[in-house]
Number of protein chains: 2
Amino acid sequence: MTGTDAAAADALTDLFGLLAYAELVAFFNLSGDAALASSLEDKAALGEMAVAEFGHFRALHGALTRMGAVPETAMRPFVAPLDAFHARTAPADWLEGLVKAYVGDGIAADFYRAVAELLEPQAKALVLEVMADTGHADFVISRVRAAIEADPPLAGRLALWARRLVGEALAQAHRVVAERPALAGLVVGATDEAGGQGDIGRMFARITDAHDRRLAALGL
Amino acid sequence: MTGTDAAAADALTDLFGLLAYAELVAFFNLSGDAALASSLEDKAALGEMAVAEFGHFRALHGALTRMGAVPETAMRPFVAPLDAFHARTAPADWLEGLVKAYVGDGIAADFYRAVAELLEPQAKALVLEVMADTGHADFVISRVRAAIEADPPLAGRLALWARRLVGEALAQAHRVVAERPALAGLVVGATDEAGGQGDIGRMFARITDAHDRRLAALGL
C-alpha cells in the first residue's frame, strides 16, 4: 500500500466511523422521540424511522469490519463531538425533537451526497444507501406545519431553534476538521469542483444555504 | 360468527394488542438502556435487541390489521397498565435496567408459551415467533454476574429489585384480568390443564416460581 493509499483508507475509515456513530445516535434520539410521541400511530411511525437508522448503522459497522477496521475504534474519535452537539441541543419538547431530526437528516444527506461522489463504487453505494430517505421528511413537515397552523407564534421559536442547531453543528464540524485532517481532506475534495486545495468555509456555506431552503419547506 | 367465535376473536385481539404494546414499550426501554451503556459494543448489542423487539411489534401490528382490527385500538386498553408498571419500575441505573429487561423477557416468554398452546396454528406460530430469544438472556447474565463478582453487595440490591419488579408486574396483571374478562378467560384456559374454570392465582404462582429460577441463573 502506498502512502497515498494508506491515507485514503484512513480517511474512509474515519468517514464510516463518523457516519456509523451518527446513525447510532440518530437511532437513540429517534427512539427517544418516538417514546414521547402522544399518539400510538406517531410512536410506531417514529419507531420505524429509528429502526431504519439502526439498519444504516449496521451496514456501516459491517463495512468497517470488512475493511479490516475495528468499528468501535473507528467511531471513537467522533463520540465526543457528536455527544457534545447533542448535549448542547437537547430538544425541549416533541416539536423541537422533530425539527432537530429533520435538520440533522438534511445536513447529513447533503454531506453524504457530496462525499459519495469521491468514493470508489462499493463505498459510494453504501453511502448512498445509508442516506436513503427514511420517510422522515414528509412526516416532520406535516406535523410541524399542522402545529404552526394551530399556534402561529410557534414558527418564530422553531426558526430560532433551527438556527441554533446549524450553528452548533458547524461548531462541532470545525472541531472534527481540525482533529481529523485526512477526513477533512476527503470531504473538502468532495465539495471542491476545481479539485484543488478546497475550502472548508465554502463547504459550510453551501450546507447553510441548503439548510435555509429546508427551513422554508417547514414553514419557518 | 357465533357468540363464542366473536368472544374468541375479541380475546385474540386483546392478546395481540397487549403483546404489541408490550413489544413497543420494550423497544423504547431497550433503546433507552442502549443509549446509557458505557461501551460502544454494549450500545450496539442492546440496540440490536431493541430492533428485534420492534420487529415483533411490527409482526403483531400486521397480524391485527389482517384480523380486521385497528392495531392502535387493540393496544389502547393496555397502555395504562403497562405505562403504570414501567413508571413504577424505572431503573435507577444500567444494571437495574438489564435485570428488568431480563425479568420482563422471562415472564413474557412463560406467558406466551402457555397462551400459544391454546391458539389456532397461524396465531400460535406468530406468538412463538414473537417470543423467540433476542439474545438478551446471555448478554444480561454475563454482564450482571461480572458486576456482582466485582462488587458482591450488589447481589442483595438487585435481588430486592427483581422481587419488586415481579410484584409490580402481578399488580398490573390483576388489573388487566379484572378489566378484560375475555382475555383473562383465554389466558386462564391456557394454564389450566383440566380445561375448567381455571385459576388466575395458580397461573400467577407458576410465573413467580419460574421467575425465582431465573434469578438463581443471574446469581441473585
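**Exercise 1.** State how many salt bridges there are between chain A and chain B in this predicted model, and describe one of them.

*Solution.* The count between chain A and chain B is two salt bridges. In one of them, the side chains of Glu48(A) and Arg58(B) meet, with 2.9 Å from N to O. A salt bridge requires such a nitrogen and oxygen to lie within 4 Å, so this pair qualifies.

**Exercise 2.** Describe the side of chain A that touches chain B, naming the elements and the kinds of residues that make it up.

*Solution.* Begin with the elements: α1 (3-36), α2 (40-66) and α3 (71-75) of chain A each give two or more residues to this side, and the largest share, eleven residues, comes from α2(A). Next, sort the residues by kind, which gives 14 nonpolar, two polar and six charged. Finally, turn to area: the two chains bury about 1,900 Å² between them, 76% of it on carbon and sulfur atoms, and in chain A the residues that lose the most area to chain B are Phe28(A), Leu40(A) and Val51(A), together 30% of what that side buries.

**Exercise 3.** Explain which parts of chain B the salt bridge between Asp42(B) and Arg143(B) ties together, and say whether each partner is buried or exposed.

*Solution.* The side chains of Asp42(B) and Arg143(B) meet at 2.4 Å, N to O. Asp42(B) lies in helix α2 (residues 40-66) and Arg143(B) in helix α7 (residues 136-150) of chain B, so the pair ties together parts that are 101 residues apart in sequence. Asp42(B) has a relative accessible area of 8% and is therefore buried, whereas Arg143(B), at 31% relative accessibility, counts as partly exposed.

Terms used
Residues numbered from 1 in each chain as written. Chains lettered and ligands numbered in written order. Predicted model: local features only at pLDDT ≥ 70, side-chain atom pairs only at ≥ 80, totals over all residues. Heavy atoms only, no water. Buried area = accessible area lost by both parts, 1.4 Å probe. Helix = DSSP H or I, 4+ residues; strand = E, 2+ residues; numbered from the N terminus. Nonpolar A, V, L, I, M, F, W, Y, C, P; charged D, E, K, R; others polar. Buried < 20%, exposed > 50% of the residue type's maximum accessible area, 1.4 Å probe, protein only.
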